[in-house]
Amino acid sequence: MSYDVMFSPMKIGTMEVKNRVVMTAAEFSLGQTNGEPTERMMNYYEERAKGGVGLIIPGICRVNDMAATSTFTQLSMSSDRHIEPMREMARRIHQYGTKLCIQLHHPGRQGYCSSINSLPLVIPITDRFPKVPQMLFKATPVLLGLEQKKICMSQQAPSKCELSAHGAMRIHAMSKREVHKLRDDFIAAAVRCKKAGVDAVELHATHGYILQQFLSPNTNQRTDEYGGSFDNRLRFITEIIDGIKTQCGRDYPLIVRLCADEMYDRIGQPEKGYNLETGKKIAQRLEALGVDAINVSSACYDTYNYWLEPTSFEPGWRAYLAKEIKSVVSIPVIAANFIRSPEQAEKQLEEGYQDFVGSARNFICDPYWAKKAQDGHPEKIRRCIGCLHCIKSFIDNASNKGTPGECALNPSVGIEREYASMPKTGRGFEVAVVGAGPAGLTAAITLARRGFNVTVYEKDEKPGGQVNIAASGPFKDKLHWAIEDMLTEAADLGITVQCGTEVTAQMLAEKKPYAVLLATGGTPIKPRSIPGIDGENVVTAPQILLGEKAVENSRVAVIGSGLTGLETTEKLNEMGNTVTVVEMADKVAGNAWFQFVDDSLSRIQPYGTEILLSTKLVSIEDGAITVEDKAGQRKIETDLVVLSMGVRPNTALAQELKEKGIPCTLIGDADKGGTIGNATQSAFHAAMAI
């Protein structure tokens with residue numbers, strides 16, 4: 001298929017973009033505490049420019065250092081010191097014919113209080129002592145702990161309103177002086193961008209940040225000229241736009257990333273915020289003000305899953321938002337719309353949903369997404385599976401380590417130069433990888449790139465490992481894309497994958513490979529201390545998810561509320577069963593990323609499923625289980641018990657190899673149970689250490 005529309009040029013104001021492909025902003029903590037781009041950040045974006053993207057919008061860029069910070073290592077255009085470093089970043093991107101747009105941002109009530117007024121103290125120290133930031137990140141958990149106790153300064157917000165679901169623990173209504181100061185900061189940052197040779201700027205007015213907070217009646221309850229009526233709620237962004245157009249020139253391209261719909265109705269609170277009809281009115285006003293393009297998005301931190309979708313969402317589910325905005329404006333419309341394939345992108349362009357196709361996660365996962373499509377090889381694209389390892393790792397790493405986010409399927413993120421020049425020391429040596437799940441295949445691909453001759457052995461007839469189980473959950477089929485795409489890459493690299501092959505220690509002793517990596521996965525935990533655990537009325541979660549055990553219209557107890565337990569509960573609900581979930585901890589899926597928990601619970605709760613927290617399984621009998629909570633023990637009538645208590649690493653082969661004196665490395669679930677991202681990261685680092 002040709003992608004004639006996607007790879008045709010189009011203008012945004014006076015800026016001509018070589019194609020319709022936009023890498024939209026996603027913060028990954030690649031900068032310095034002083035707000036300047038690092039070599040690592042420039043390599044990261046240069047790789048995406050090299051990969052064929054027409055327009056790159058890097059992650060959030062703060063406009064002042066006092067209260068506009070979301071991470072300590074994001075970009076900044078708060079000072080003239082940032083002009084020359086930004087000029088170099090623009091030069092690096094421009095050499096591939098790609099345009100650069102900087103997204104100007106302030107978090108408002110979604111920011112961290114610990115960042116307030118701290119950077120002006122930190123920056124001079126870190127400029128002189130580059131190792132100091134690591135000490136700061138070690139203190140972050142303490143600072144966040146103080147925030148939780150509300151021992152912190154208050155973050156700026158348009159008005160004193162409810163706190164965001166995630167973010168500042170204290171907020172205050174901005175004084176008029178603060179409003180004017182922040183307005184001027186946005187304008188000054190745009191002027192610096194133009195001086196640095198940046199092609200355009202974007203105002204971040206979605207995902208619940210401060211510009212959206214001013215637009216929304218839920219967060220803007222001011223009674224002065226900056227709140228109340230529709231016109232007043234638009235006054236703040238209007239003054240910023242007017243200022244940028246006045247000081248940068250009417251011809252300097254200005255984009256607004258707009259929340260078209262706050263999506264509160266999706267979480268059962270339709271009375272809050274604003275909907276699509278208001279979003280369309282805002283878009284029309286923005287065009288009248290001289291904005292050159294609208295980058296359509298939606299939602300906020302309260303409605304997180306409706307702007308940063310987990311796996312279960314269907315590609316293109318929110319394309320209607322862009323189409324509705326496009327119907328009322330004549331300027332170009334950019335939209336991400338959870339696009340996952342070039343075919344989908346081309347179709348939405350052809351059918352007039354939008355003028356530019358945007359994505360961040362596609363290009364995090366595969367920097368060469370655009371080039372592969374343009375060269376006629378879409379089958380070689382490494383597809384994003386929506387596993388959210390990127391956002392989870394970013395939050396964890398940026399807050400606690402000062403390191404960038406990761407991608408579950410692309411180990412080169414943040415180390416693009418090092419990855420491209422990895423040592424080719426394999427010299428054709430034979431390496432055996434046991435297990436064709438995500439860990440095994442990642443290790444094999446990495447080793448093959450290093451010049452090793454790799455054979456992957458898989459005992460099952462089908463590759464995939466634990467992903468085959470996870471992808472069997474409701475709406476989780478996209479997870480198997482990871483395996484399909486790894487197999488495609490493995491074939492290109494000449495890797496042999498032998499399925500239906502049970503590997504023994506004797507077999508490896510005879511083959512004498514240079515190295516052995518074991519991705520032998522894990523086995524569902526069945527605590528022998530629980531009476532009745534081996535009864536005929538007891539099965540494991542994988543047996544339900546893989547369809548090995550069918551049960552309908554029965555009373556089922558699911559033991560464990562981790563993600564696998566929740567997915568199993570969903571499937572049992574769909575089959576007409578009455579489900580009770582028993583969880584020892586005081587929180588549902590306590591170790592899981594909150595978006596997946598919210599997503600699963602949104603489908604489980606309508607069935608009236610009972611979830612018993614702080615409750616322990618004591619014993620299993622015929623037709624019942626005994627559980628214990630703070631009130632004591634009681635019986636629950638049940639026809640079937642499903643165990644979802646985690647997995648225990650399969651280390652039997654490793655033990656046999658040890659006894660024969662054959663060294664090996666455990667990776668993925670065979671080392672430590674976790675997510676796809678955990679498995680691939682451990683596999684990559686193990687393969688690089690060979």
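Which residues form one aromatic cluster? Look for Tyr209, Tyr301, Tyr304, Trp307, Trp593 and Phe594, which together make it up. Keep in mind as you explore that this is a predicted model.

Let's stay with the rings for a moment. The structure holds 17 aromatic pairs. One of them is made by Tyr304 and Phe594, which meet edge-to-face, with 5.1 Å from centre to centre and 90 degrees between the planes. This pair links distant parts of the chain, since its two members are 290 residues apart. Tyr304 comes from the loop between β12 (293–297) and α10 (319–326), while Phe594 belongs to helix α22 (residues 594–604). Are these two rings buried or exposed? Both Tyr304 and Phe594 are buried.

Rings can also have a charge for company. Find Phe230, and you'll see the charged end of Lys281 sitting over its ring, 4.4 Å from the centre. Then try Tyr353: Lys323 lies over the face of that ring, at 4.4 Å from the ring centre.

Next, head for Thr24, in the loop between β3 (21–23) and α1 (39–50). Why do we call Thr24 buried? Its relative accessible area is 2%, and buried means anything under 20%. So who are its neighbours? If you skip those within four places in sequence, Thr24 is in contact with Ile57, Arg257, Asn295, Gly358, Ser359 and Ala360. With Ala360 there is a polar detail to spot: the side chain of Thr24 reaches the backbone nitrogen of Ala360 at 3.2 Å.

Our last stop is helix α23 (residues 652–659), where Leu653, Ala654 and Leu657 are buried. Seen down the helix axis, the buried residues of α23 fall within an arc of 100 degrees, so they line one face of the helix. A bit of helix geometry helps here. An α-helix has 3.6 residues a turn, so residues three or four places apart point the same way. Now turn α23 around: the face pointing away from the buried side carries the exposed residues Ala652, Lys658 and Glu659.

What do the buried residues of α23 pack against? Their partners are β15 (430–434), α19 (505–511), β18 (515–518) and β29 (665–666). Finally, follow the chain just past the end of α23, and you'll meet Gly661, which takes a positive phi of about 75 degrees.

Conventions. Residues numbered from 1 in each chain as written. Predicted model: local features only at pLDDT ≥ 70, side-chain atom pairs only at ≥ 80, totals over all residues. Heavy atoms only, no water. Helix = DSSP H or I, 4+ residues; strand = E, 2+ residues; numbered from the N terminus. Buried < 20%, exposed > 50% of the residue type's maximum accessible area, 1.4 Å probe, protein only. Polar contact = N/O pair within 3.5 Å; in protein donor to acceptor, adjacent residues only side chain to side chain. Contact = heavy atoms within 4.5 Å. Phe/Tyr/Trp six-rings, centres within 6.5 Å; stacked < 30°, edge-to-face > 60°. Lys NZ or Arg CZ within 6 Å of the ring centre and 35° of its normal. Arc of directions from axis to C-beta.
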